[in-house]
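Student: Could we go through the side-chain contacts of this protein together, one at a time?
Tutor: Happily! Have a look at it first, and then ask away.

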Amino acid sequence: QVQLVESGGGLVQPGGSLRLSCAASGSIRSINTMRWYRQAPGKQRELVAGITSGGSTNYADSVKGRFTISRDNAKNTVYLQMNSLKPEDTAAYYCHADISRWGTLMFNSYWGQGTQVTVSS
């Protein structure tokens, strides 16, 4: 069984910073791309940032220059450093990863349970 567990969400004032973490655990052979998504109330889930196993990154236009995605392959963990936060960044943030378990070469899609980020004064 594979689990993704997020942490680091909370309440922060506009202009502040938060760092989200997502740790994958279980019978993991390999992790391909890891991503952060977010979903605000009444809106569709949207891709925030992604990072490949080799370290290539991509970002939504709305967060470029403010958010940084990184990963520690030895710890099976992905991070999202969020700076200069705005009220419109308020959402539930979800971790996603393409993971291959031991005993198979196939990659499956896994989601974390989500962590709430609220940006408000």
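Student: Is D61 buried or exposed?
Tutor: Keep in mind that this is a predicted model. The relative accessibility of D61 is 64%. Exposed means over 50%, so D61 counts as exposed.

Student: Which side chain does D61 meet in a salt bridge?
Tutor: Side chains of opposite charge can pair when their charged atoms come close. For D61 the N to O distance is 3.1 Å, and a salt bridge needs a nitrogen within 4 Å of a carboxyl oxygen. The partner is K64.

Student: How many residues apart in sequence are the parts that D89 and R66 tie together?
Tutor: These two form a salt bridge, with the closest N and O atoms 2.8 Å apart. D89 is found in the loop between β8 (77–82) and β9 (91–101), while R66 is in the loop between β6 (57–59) and β7 (67–72). The pair therefore links parts whose separation in sequence is 23 residues.

Student: Is D89 buried or exposed?
Tutor: Buried means under 20% relative accessible area. D89 has 1% relative accessibility, and its partner R66 is buried too, with a relative accessible area of 11%. So D89 counts as buried.

Student: Which residues do salt bridges that share partners join into one network?
Tutor: One salt bridge to start from is that of R38 and E46, at 2.6 Å, N to O. R38 is buried, at 7% relative accessible area, whereas E46 is partly exposed, at 35%. Through shared partners, one network takes in R38, E46, R66 and D89.

Student: Nice! How many salt bridges does a search of the whole structure find?
Tutor: We have met some of them already, including D61 with K64 and D89 with R66. The search of the whole structure gives a total of five.

Student: Turning to rings, is the aromatic pair of Y37 and W111 stacked, edge-to-face or tilted?
Tutor: The structure holds one aromatic pair. The centres of Y37 and W111 are 4.9 Å apart, with 55 degrees between the planes. Stacked needs under 30 degrees and edge-to-face over 60, so this pair is tilted.

Student: Which strands do Y37 and W111 lie in?
Tutor: Y37 is buried, at 18% relative accessibility, and W111 is partly exposed, at 39%. Their pairing ties together parts 74 residues apart in sequence, because Y37 and W111 lie in β4 (residues 28–39) and β10 (residues 107–111) respectively.

Student: What sits over the ring of W111, 4.7 Å from its centre?
Tutor: A charged end does, and it belongs to a residue whose charged end also sits over the ring of Y94, 3.8 Å from the centre. Over W111, the residue is R45.

Conventions:
Residues are numbered from 1 along each chain as its sequence is written. This is a predicted model: local features need pLDDT of at least 70, side-chain atom pairs count only at pLDDT 80 or more; totals for chains, interfaces and linings use all residues. Side-chain values use heavy atoms; hydrogens and water are left out. Rings of Phe, Tyr and Trp (its six-membered ring) pair if their centres lie within 6.5 Å; planes under 30 degrees apart count as stacked, over 60 as edge-to-face and the rest as tilted. Helices (H or I, at least four residues) and strands (E, at least two) are DSSP runs, numbered from the N terminus. Buried means under 20% relative accessible area, exposed over 50%, partly exposed in between (1.4 Å probe, protein chains only). A charge sits over a ring if NZ of Lys or CZ of Arg is within 6 Å of the ring centre and within 35 degrees of the ring normal.
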